[in-house]
Amino acid sequence: MLILLQTESLSAAEGIDNKLINKVSQSYTKKFCNAIGFGLSKESAMDFSLAENKQVFKKKKGFNDINKELLAEEIAISVIEKCGYPINLSGEKGILEFKNYYLSKDSKI
């Protein structure tokens, strides 16, 4: 019975984490793709979107503890699907490249 309760609490925590990752990813993707649409470079759009998202979510419970790898993966998939063409990224290679770029920029900010 105790093991079952622990499993349920882990699943609930995972669900909350996944919801937050999804919310942050959608917010980031919208900001990034809009910035690209306005003519910003990939680097400028990345810097702008990271800074804006950190401001929006800094007081959100769990944001600082979010799994950066999972977040970067979700963001990369979303960005490549929605606006990969203007930044010349597509497919698995594009997703991996964007994910690595995002993680390197995120660690600097």
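**Figure 1. Phenylalanine 48, a partly exposed residue of helix H2.** In this predicted model, phenylalanine 48 has a relative accessibility of 38% and therefore counts as partly exposed, a class that lies between the buried limit of under 20% and the exposed limit of over 50%. The residue belongs to helix H2, which spans residues 42–57. When neighbours within four places in sequence are left aside, phenylalanine 48 is in contact with Lys31 and Ala35. The view also includes tyrosine 28, which is 20 residues away from phenylalanine 48 along the chain. The C-alpha atoms of phenylalanine 48 and tyrosine 28 are separated by 9.6 Å.

**Figure 2. Isoleucine 75, a buried residue of helix H3.** Isoleucine 75 is placed in helix H3, which covers residues 68–83. Its relative accessible area is 0%, so isoleucine 75 is classed as buried. Neighbours within four places in sequence excluded, the contacts of isoleucine 75 are Ser25, Tyr28, Thr29, Phe98 and Tyr102. Isoleucine 75 and isoleucine 21 stand 54 residues apart in sequence, and their C-alpha atoms are 8.7 Å apart in space.

**Figure 3. Threonine 29 of helix H1 and its polar contact with serine 78.** Threonine 29 is located in helix H1, a helix made up of residues 2–37. With a relative accessible area of 2%, threonine 29 is buried. The side chains of threonine 29 and serine 78 are joined by a polar contact of 2.9 Å. Not counting residues up to four places away in sequence, threonine 29 touches Ile75, Ser78, Val79 and Lys82. Of the residues in this set, valine 79 is 50 residues from threonine 29 in sequence, with a C-alpha to C-alpha distance of 5.4 Å.

**Figure 4. Serine 25 of helix H1 and the backbone of glutamate 74.** Serine 25 is another residue placed in helix H1. Its relative accessible area of 1% makes serine 25 a buried residue. A polar atom of the serine 25 side chain lies 3.4 Å from the backbone oxygen of glutamate 74. Beyond its neighbours within four places in sequence, serine 25 is in contact with Leu71, Glu74, Ile75 and Ser78. The isoleucine in this set, Ile75, is itself buried, and Ser78 also makes the side-chain polar contact with threonine 29.

**Figure 5. Serine 27 of helix H1 and its contacts.** Serine 27 lies in helix H1. The residue has a relative accessible area of 15% and counts as buried, because the limit for this class is under 20%. Apart from neighbours within four places in sequence, serine 27 is in contact with Asn53 and Phe57. One of these contacts, Asn53, also belongs to the lining of the largest cavity.

**Figure 6. The largest cavity and its lining.** A single set of enclosed space is shown here: the structure holds 1 cavity of 30 Å³ or more. The space in the largest cavity amounts to about 60 Å³. Its lining consists of Val24, Leu50, Asn53, Lys54, Phe63, Lys68, Leu71, Tyr102 and Asp106. By residue class, the lining divides into 5 nonpolar, 1 polar and 3 charged residues. Helices H2, H3 and H4 (91–108) each contribute at least two lining residues. The largest share, 3 residues, comes from H2. Two of the lining residues recur in other views: Leu71 is in contact with serine 25, and Tyr102 is in contact with isoleucine 75.

**Figure 7. Asparagine 88 in the loop between H3 and H4.** Most residues other than glycine have a negative phi. Asparagine 88, although not a glycine, has a positive phi of about 60°. The residue is situated in the loop between H3 and H4. Asparagine 88 has a relative accessible area of 71% and is therefore exposed, the limit for this class being over 50%.

**Figure 8. The whole protein chain, as context for the close-up views.** The protein chain has 4 helices and 0 strands, and its pattern along the sequence reads α-α-α-α. Among its 109 residues, 36% count as buried. For contacts with a separation of 6 or more, 67% are between residues 24 or more positions apart. The chain exposes about 7,200 Å², of which carbon and sulfur atoms supply 56%.

How values were computed:
Residues are numbered from 1 along each chain as its sequence is written. This is a predicted model: local features need pLDDT of at least 70, side-chain atom pairs count only at pLDDT 80 or more; totals for chains, interfaces and linings use all residues. Side-chain values use heavy atoms; hydrogens and water are left out. On a 1 Å grid over the protein atoms alone, a cavity is a set of points where a 1.4 Å probe fits but cannot get out, and a pocket is an open set with protein on both sides within 12 Å along at least five of seven lines; lining residues have an atom within 4 Å of a point. Grid points are joined across faces, edges and corners, and a volume is the space filled by probe spheres set on the points. Ala, Val, Leu, Ile, Met, Phe, Trp, Tyr, Cys and Pro count as nonpolar, Asp, Glu, Lys and Arg as charged, and the others, Gly among them, as polar. Buried means under 20% relative accessible area, exposed over 50%, partly exposed in between (1.4 Å probe, protein chains only). Contact means heavy atoms within 4.5 Å. Accessible areas come from the Shrake-Rupley method with a 1.4 Å probe; for residues, only the protein chains shown count as cover. A polar contact is a pair of N or O atoms within 3.5 Å; within protein, one must be able to donate a hydrogen and the other to accept it, and residues adjacent in sequence count only if both atoms are side-chain atoms.
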